[in-house]
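Here is a short tour of a protein model, best read with the viewer open beside the text. Take a moment to rotate the structure before reading on.

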Amino acid sequence: MSSIKLPKKLMLLGSGELGKEFVIAAKRLGNYVVAVDRYPNAPAMQVADANEVISMLNPDDLEAVVVKHQPEFIIPEIEAIRTEKLLEFEQRGITIIPTAAATNYTMNRDRIRELAHQELGIRTARYGYATTLEELIAVSNKIGFPNVVKPVMSSSGKGQSTVRDKSEVEKAWNYAIAGSRGDSQKVIVEEFINFELEITLLTIKQWNSPTIFCSPIGHRQERGDYQESWQPAEMTETKILEAQEIAKKVTDALGGAGIFGVEFFITKDEVIFSELSPRPHDTGMVTLISQNLNEFELHLRAILDLPIPNIEQLGASASAVILATEPSDSINYIGVAEALADKDVDIRLFGKPNAHPYRRMGVALAKGENVQQAREKATKAASLVKIQP
């Protein structure tokens with residue numbers, strides 16, 4: 001194994017709570033991190049060496065910060081990036097994670113869905129696209145009800161809704177367009193899958209070593225956004241191996257290195273590919289308590305070509321989100337002491353500078369004797385933490 005020289009200069013595009021934990025992992029190994037986002041004092045900026053506030057959809061702004069800081073690695077954390085510019089940076093010798101082409105694929109739900117379904121022959125939900133309300137009505141009628149409507153470019157479930165009948169189509173269109181990231185006016189309509197379990201399979205693609213996997217993470221969503229996650233998710237070994245095979249097939253097609261959050265619907269008889277994120281996944285925040293190496297440390301090691309000798313799952317664990325309930329530009333928290341009074345419970349507050357209804361402001365983490373107990377402890381702890389304007 002060749003010796004890796006540290007520190008490296010890393011540029012993070014998107015500086016939310018996932019980025020913050022990644023910066024913490026990077027700084028533990030002495031790296032220099034530039035955190036970039038569209039608003040000041042974003043969570044990752046609070047722990048980075050330098051920060052920049054720009055529109056990441058503006059190629060000139062991206063060019064300026066890259067020329068200024070000369071990073072060795074550019075690591076996207078969000079979807080709203082002018083991905084064509086990343087290809088230019090890659091051609092100039094900067095490493096894009098996982099690659100510029102893979103980032104372009106995965107920033108849009110339509111491209112990754114077509115790669116999986118059309119090119120790789122992987123089972124997905126039936127789907128179609130719409131760029132107008134009239135098209136959405138036609139596609140919804142073709143796919144049938146209920147169905148799921150979401151923007152092709154969004155994050156954390158923004159703009160996603162379940163449409164039960166024709167009367168809800170227009171509302172779903174307006175919600176999807178309002179929740180779209182970037183400048184896309186395109187939505188995807190998906191067949192509603194009656195699943196038993198929804199999972200994230202954290203898949204670690206390495207430069208010079210085999211692809212490896214974390215134990216499956218179960219999760220529950222509301223409004224298209226994750227509310228709680230738990231590890232390990234209860235699955236048969238056969239279905240775990242099938243999910244791993246699909247995840248490897250898709251990530252091999254994308255190339256590069258880093259962690260991928262690969263989502264699946266698990267039904268009684270099938271493992272169905274859902275979505276993929278080329279970076280740490282929000283449901284994977286449970287790994288902050290459930291594993292010897294959390295997803296952010298794994299992402300960093302894969303990016304820097306550092307060894308990952310083993311991933312140890314530490315027992316039944318869960319996470320539950322702490323949500324804002326009203327708008328505020330001044331944030332104070334109460335109930336943290338009460339939440340931390342229970343055994344094997346931890347809290348992460350993200351440090352977001354303002355709040356609005358349903359915004360994720362923190363997460364509660366818990367271990368238990370079994371998954372059910374861990375989920376109950378995490379949910380209870382999250383409910384005790386209140387945001388005071």
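Strand 1 (residues 9–13) runs parallel to strand 4 (residues 73–76), and four bridges join the two. Within this pairing, leucine 10 faces phenylalanine 73 of strand 4. Since this is a predicted model, please read what follows as a description of that prediction.

Strands 1 and 4 belong to an open sheet of five strands, paired in parallel and ordered 3-2-1-4-5. At its edges are strand 3 (50–53) and strand 5 (95–96), each with pairing on one side only. Helix 2 (residues 59–69) packs on this sheet, where it touches strand 1, strand 2 (32–37), strand 3 and strand 4. The direction of helix 2 makes an angle of about 160° with that of strand 1.

Next comes a residue in helix 4 (residues 100–106), namely threonine 103. Is threonine 103 buried or exposed? Its relative accessible area is 0%, and because buried means under 20%, threonine 103 counts as buried. Which residues surround threonine 103, apart from its neighbours within four places in sequence? Its contacts are Pro76, Thr83, Leu86, Ile96, Ile97 and Pro98. A polar atom of the threonine 103 side chain also lies 2.8 Å from the backbone oxygen of threonine 99.

Now to the aromatic rings. The whole structure contains three aromatic pairs. One of them joins phenylalanine 195 and phenylalanine 265 in a stacked arrangement, with 5.1 Å from centre to centre and 20° between the planes. Phenylalanine 195 sits in the loop between strand 9 (187–191) and strand 10 (197–205), while phenylalanine 265 is in strand 14 (residues 258–266), so the pair ties together parts that are 70 residues apart in sequence. The two partners also have their own accessibility values: phenylalanine 195 is partly exposed, at a relative accessible area of 33%, whereas phenylalanine 265 is buried, at 9%.

Finally, two charged side chains lie over the faces of tyrosine rings, as listed here.

| Charged residue | Ring beneath | Distance from the ring centre |
|---|---|---|
| Lysine 186 | Tyrosine 129 | 4.5 Å |
| Arginine 223 | Tyrosine 358 | 3.7 Å |

To look these up in the viewer, start with lysine 186 over the face of tyrosine 129, then turn to arginine 223 over the face of tyrosine 358.

Technical notes. Residues numbered from 1 in each chain as written. Predicted model: local features only at pLDDT ≥ 70, side-chain atom pairs only at ≥ 80, totals over all residues. Heavy atoms only, no water. Pairing = 2+ DSSP bridges. Contact = heavy atoms within 4.5 Å. Axes fitted to C-alpha atoms, helices over the stretch in contact; angles between N-to-C directions. Buried < 20%, exposed > 50% of the residue type's maximum accessible area, 1.4 Å probe, protein only. Polar contact = N/O pair within 3.5 Å; in protein donor to acceptor, adjacent residues only side chain to side chain. Phe/Tyr/Trp six-rings, centres within 6.5 Å; stacked < 30°, edge-to-face > 60°. Lys NZ or Arg CZ within 6 Å of the ring centre and 35° of its normal.
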